[in-house]
Amino acid sequence: MRPTIPSSAVLTIAFVAIPVHAQAQDRTRTHDGPNATVTQTTTVSREAGTLARERSAIHEQSGKTASTRRDRQRTETGWTVSRSQTGPGGKTHSFTRERDRGEMGARASFSGTVASLRDEQYGLSASRSRSRSRSRSRSRRRDGAIRRRPSA
């Protein structure tokens, strides 16, 4: 005769397991290399549809830090991603990207700012759409120098 698990025990296990998956899950990883220490923290909440990731690297000799933050949010019809990156020299790049999918097709858009090597900031934007009949449209735009960042 095979051992059986009572149905009340199965229901108890199921109810206990549900709250564990509903909570946000954090994971931190650290790497100590010969030249730098890198730390990455990821937080995922499947129920809320969010993902947040922070990564930083510290150069051992100079102490300069580079960091990146990325957030992703699920929406009813797609998702939104935003990212900000700061280099060891203090220059920052950032962007936001969205994707929507509907009955009649899909649309994606991108916008952000980029710092050039000459400390000028540029605005970038792009969009793309595709209809159900597979017709497509696309546009891109790069603004001139938005503003000159003051030198430190």
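Buried means under 20% relative accessible area, exposed means over 50%, and partly exposed is whatever falls in between. Keep those cut-offs handy for the views below, which come from a predicted model.

**View 1. The whole chain, before we zoom in.**
The protein has one helix and nine strands. Reading from the N terminus, the order is α-β-β-β-β-β-β-β-β-β, with the helix leading off and strands following. Out of 152 residues, 14% count as buried.

**View 2. Strand 1 and strand 2, a hairpin with an open edge.**
Strand 1 covers residues 25-32, and zero of its eight residues are buried, so this strand lies largely in the open. Its partner here is strand 2 (residues 36-45); the two run antiparallel and are joined by eight bridges. Three residues make the hairpin connection from strand 1 to strand 2. For a pair to pick out by eye, try Thr30, whose bridge partner in strand 2 is Thr39.

**View 3. Gly49, tucked into a loop.**
Is Gly49 buried or exposed? Gly49 has a relative accessible area of 10%, and because the cut-off for buried is under 20%, it counts as buried. You'll find Gly49 in the loop between strand 2 and strand 3. Look for Thr75 as well: Gly49 and Thr75 are separated by 26 residues in sequence, but their C-alpha atoms are 7.7 Å apart in space.

**View 4. Arg69 and its two acidic partners.**
Side chains of opposite charge can pair when their charged atoms come close. How many salt bridges does the model have? The count comes to three. In one of them, the side chain of Arg69 meets that of Glu54, at 2.6 Å from N to O. That pair ties together distant parts of the chain, with Arg69 in strand 4 and Glu54 in strand 3 (residues 50-59), 15 residues apart. Arg69 also forms a salt bridge with Asp71, where the closest N and O atoms are 3.0 Å apart. As for cover, Arg69 is partly exposed at a relative accessible area of 34%, Glu54 is partly exposed at 45%, and Asp71 is partly exposed at 25%.

**View 5. Asp100 with Arg107, and a look back at the network.**
Here Asp100 and Arg107 form a salt bridge, with 2.5 Å between the closest N and O atoms. Asp100 has 24% relative accessibility, so it counts as partly exposed. Arg107 is partly exposed too, with a relative accessible area of 36%. Which residues do shared salt-bridge partners join into one network? Those are Glu54, Arg69 and Asp71.

**View 6. Thr68 on strand 4, facing a residue further along the chain.**
Thr68 lies in strand 4 and is partly exposed, with a relative accessible area of 23%. Pick Arg83 as the second residue in this view: Thr68 and Arg83 are 15 residues apart in sequence, and 7.2 Å separates them in space, C-alpha to C-alpha.

**View 7. The strand 5 and strand 6 hairpin.**
Strand 5 (residues 78-86) and strand 6 pair up in the antiparallel sense over nine bridges. Across that pairing, Gln85 stands opposite His93 in strand 6. The hairpin has five residues between the strands, and within the hairpin Gly90 takes a positive phi near 90 degrees. If you like checking backbone torsions, Gly90 is a good stop.

**View 8. A patch of arginines on the surface.**
Eight names to find in this one: Arg72, Arg97, Arg101, Arg128, Arg130, Arg134, Arg136 and Arg138 form a positive surface patch. Which strands each supply at least two residues of the patch? Strand 6 (92-102), strand 8 (120-131) and strand 9 (136-148) do. Arg72, meanwhile, sits in strand 4 (residues 65-74). Why can Arg72 belong to the patch in terms of accessibility? Arg72 is partly exposed with a relative accessible area of 33%, and patch residues need over 30%, so Arg72 clears that cut-off.

Key. Residues are numbered from 1 along each chain as its sequence is written. This is a predicted model: local features need pLDDT of at least 70, side-chain atom pairs count only at pLDDT 80 or more; totals for chains, interfaces and linings use all residues. Side-chain values use heavy atoms; hydrogens and water are left out. Patches are made of residues with over 30% relative accessible area and no salt bridge: like charges are joined within 9 Å, nonpolar side chains (Val, Leu, Ile, Met, Phe, Trp, Tyr) within 5 Å. Accessible areas come from the Shrake-Rupley method with a 1.4 Å probe; for residues, only the protein chains shown count as cover. A salt bridge is a side-chain nitrogen of Lys or Arg within 4 Å of a carboxyl oxygen of Asp or Glu. Lys and Arg count as positive and Asp and Glu as negative; His and the chain ends are not counted. The place of a charge is taken as NZ of Lys, CZ of Arg, CG of Asp or CD of Glu. Helices (H or I, at least four residues) and strands (E, at least two) are DSSP runs, numbered from the N terminus. Buried means under 20% relative accessible area, exposed over 50%, partly exposed in between (1.4 Å probe, protein chains only). Two strands pair if DSSP finds at least two bridges between them.
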